[in-house]
Amino acid sequence: MTATKAPEDLLRQIRQGNRFLLTSHVNPDGDAIGSELGLARLLRGMGKGAVVWNRDETPSVYRRVAGADRIHLGEEPPVGWPEKFDGTIVLECPGPDRTGLEDHLDELPVVNIDHHLGNQHYGTVNWVDPAAPAVGEMIFRLARTLKLRVDEETANALYLTLVTDTGGFRFSNATSAAFEAAGDLVREGAQPARVTRWLYESRPLASLRLLAEMLATLEIHAGGRIATARLTPGMYERAGASQSDSEGLIDYPRSVAGVDAVALVKALEDGTTKVSLRSRGEVDVERIARGHGGGGHKNAAGYVVEAEPDAAAREAVEALTAALATGPAPADVSESEAALAAGAADEAAAEPPPAGGEEG
Ligand SMILES: [Mn+2]
């Protein structure tokens, strides 16, 4: 697949509008936050207004990105919506329902910029490029097409999207385009050591305590090829953790030698159970998630079921076992095959609306 250019009508929408609302999917990941904040800075650099509105809170590891403290959160629209805006730009979001704000999205023209293969082309204008390693890389290309200056903080935000979506340049989407964009962003002032520190060396202590709780539940199935782990409201409570502190924890069971598929089973406060799946290579977990009303990518997906955690875990292991049996033998369990396209994954699960307060 070759990279596509931002379509003319998209460039026109952006040039003509004066004030934009930017949003992305529920449970935002690094690509969502970095793309939003990077594009917001670029638009402001053009003399335009930009407000980022996300339904869910920003995971703590992304809060160092410039502008993260100004993101409007929750289901109530920001001041002046929609009369003081000229359009909505939805980033890294395959369908409008995934924003959690879909009731508001038909108010103004929508610009849809995404790299998910299954994008529903729901925008007034759509730019969907499945070959892009991250939506942030598309935003960087857009900046070049519009001949915009990319300042240091914008470069950091966009660089972060590449690091997170490629799993630190480990996954199969760590293409030459990803490395070229990363190199160009560093030339524009991105600071890899700083961004890496935000991402991997700034975890809240509660997140590590939650990891310890989760690892105590680690189980291996199918002769070592499947790992399961649990999260419960009680664990969050003991760890003093908030929902976003579980970001990235599923990568630990997947790091076990020989494991090709992982199910993280999370008991939710409302009695439902969220199942996050990860896999390697040809093991398709998106199909399993879709069968339960969820979604995601081939190697990273999720769903919510009305079942007890034990039953949900058993069912997930059965489905993963079947998927392992039908997929080709893992001749080469290369790390690069774990095309996580970070985060965009279990957020695909039909999330229940957030309860009033923080769970745990
Ligand atoms: Mn992405």
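This tour moves from a central strand and its partners to three loop residues with notable backbone geometry.

The model is a predicted one, in which local features need pLDDT of at least 70, side-chain atom pairs count only at pLDDT 80 or more, and totals for chains, interfaces and linings use all residues. Residues are numbered from 1 along each chain as its sequence is written.

Begin by selecting strand 4 (87–91), bearing in mind that strands (E, at least two residues) and helices (H or I, at least four) are DSSP runs numbered from the N terminus. Five of its five residues are buried, so strand 4 is largely enclosed by the rest of the structure; a residue is buried if 20 or more other C-beta atoms, placed from the backbone, lie within 10 Å of its own, exposed if 12 or fewer, and partly exposed in between. Gly 87, Ile 89 and Leu 91 lie on one side and Thr 88 and Val 90 on the other.

Next, add strand 1 (residues 19–23), which runs parallel to strand 4 and is joined to it by four bridges, where pairing requires that DSSP finds at least two bridges between two strands. Strand 5 (residues 110–114) is likewise parallel to strand 4, with four bridges. Centre on Ile 89, which stands opposite Leu 22 and has Val 111 as its bridge partner in strand 5.

Now select Pro 82, in the loop between strand 3 (72–73) and strand 4, where the peptide bond from Trp 81 is cis, with omega near -5°.

Finish with Lys 147, between helix 3 (135–145) and helix 4 (152–165), whose phi is near 55° and which is exposed, with 6 other C-beta atoms within 10 Å; then Ala 222, in the loop between strand 7 (219–221) and strand 8 (226–231), has phi near 50° and is partly exposed, with 16 C-beta neighbours inside 10 Å.
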